[in-house]
Amino acid sequence: MKKIYLYLLGLILLASCQESYDFDPGFTVPTTFEGPSAVQIDLTSSQNLVFKWEGGGANDGGIVLYSVLFDVAGGNFSDPVYTMTSDLGAHPQVTLNHVTLNKIARLAGLKTGETKELKWTVTASKGGVLKQAEGNGTVTITRPSEEIPERMYLTGTATENGGTDQREFRQVSDGVFVIFTNLSAGNLLFADALTEDAVHYTMGDNNRLAEGTTPFTVTAYDTPVRLTVNFNTKEMKTEKISGVRMIWGATFGVIAQMNYQGGGIFKADDVYVLFVDQSRPETNPPGWLSWTEERYYFIATIEGSDYCWGRNDGISAERPSDNEPLRFYELGEFGWSQWDHLWKMSGKLDTKYCTVTIDTNLEGMMVHQFSNIR
């Protein structure tokens, strides 16, 4: 009897749920748009800029997803210059900072110091159906007088090879460039190209980046450094790299000490690889280790603190195939956490000698590679 009662109760609850909600795929689009009417871009500003819309929504009160489209004043949004999802995907607004809005303005063709009106609108989607609002908002944008370069080169007498090494920075985000190098006593100057019409940048008043062709003076460093040039904040940061080592994830045992070779490259030759295992007492396996340890990452000592140079994604380490793309070996920088950002070594490296190389700017990435396996 009890089972029959529970069954009937379940049917009643199911019926009541069906009566209380009926899916309706219909929805309408926003009708009004609200946002800043004019923006003077300030790349040092922390102010957020909010673009909102009202009207429209799902007929059944469900969720509608929104995207925001920006276009030039004469455009019709068929080929917008920039598209982004709304805050949290379904919130009726999008929040931008000055750096992102400056990027949108540059994509719309605004030169430095120019003022131009852009338009923006919203698309809504639900159940695979996409609709675009008929109306739009407008915003007049004035770009700053300085151009944020797309590329950056290091020049000057303090660079490697007596000032003849004019190397390219790696762009890590919009307006932010990084390079690893030795520095001797001398001067530096940045350039956006290695041509006669290149735009040059120096450290001007108040130690801020500014356009100019007068080099600035630097002192010698006894270790390689990482130079970070940030055109969003107009700052340059110099960090000493006092060591880079490759270690096993489980034991922290050092596999190789990476030596700076110049040209942004750290390398270790004749590295003997021996996976950590209980059957190999010479690998100093801890008593709790119940597997063969083949996972590794790098530890870089930067300004006296240790950082993990490890795998960018958050998935579990897996043994690589023989044809992994270069991006598989890309290095990201993180606070140290023992079991995160690990790779597994290829099985063919066990009991072999090899060369391990970190190239801090290869195809726009910082990557490591194994070579000369024997």
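This report covers backbone outliers, a surface patch and one helix in a predicted model.

**Positive phi in loops**

Most residues other than glycine have a negative phi. Leu-88 departs from this, with a positive phi of about 60°. Asn-207 also has a positive phi, of about 55°, and is not a glycine. Leu-88 sits in the loop that links β7 (82-85) to β8 (93-97). Asn-207 belongs to the loop between β17 (200-203) and β18 (209-211). Leu-88 counts as exposed because its relative accessibility is 86%, and exposed means over 50%. Asn-207, at 54%, therefore counts as exposed too.

| Residue | Phi | Relative accessibility |
|---|---|---|
| Leu-88 | about 60° | 86% |
| Asn-207 | about 55° | 54% |

**A tryptophan patch**

Three residues make a nonpolar patch on the surface: Trp-288, Trp-291 and Trp-339. Together they offer about 360 Å² of accessible area. Trp-291 lies in the loop between β23 (265-273) and β24 (295-302). Its relative accessible area is 34%, so Trp-291 is partly exposed.

**Helix α2 and its ends**

Helix α2 spans residues 98-107. Which residues of α2 are buried? They are His-98, Leu-101, Asn-102, Ile-104, Ala-105 and Arg-106. Asn-97 caps the N-terminal end of the helix. One of its side-chain oxygens lies 3.2 Å from the backbone nitrogen of Val-99. Just after α2 comes Gly-109, with a positive phi of about 95°.

Methods:
Residues numbered from 1 in each chain as written. Predicted model: local features only at pLDDT ≥ 70, side-chain atom pairs only at ≥ 80, totals over all residues. Heavy atoms only, no water. Helix = DSSP H or I, 4+ residues; strand = E, 2+ residues; numbered from the N terminus. Buried < 20%, exposed > 50% of the residue type's maximum accessible area, 1.4 Å probe, protein only. Patch = residues over 30% accessible without salt bridge, like charges linked within 9 Å, V, L, I, M, F, W, Y side chains within 5 Å. Areas by Shrake-Rupley, 256 points an atom, 1.4 Å probe, with all protein chains shown as cover. Salt bridge = Lys/Arg side-chain N within 4 Å of Asp/Glu carboxyl O. Polar contact = N/O pair within 3.5 Å; in protein donor to acceptor, adjacent residues only side chain to side chain.
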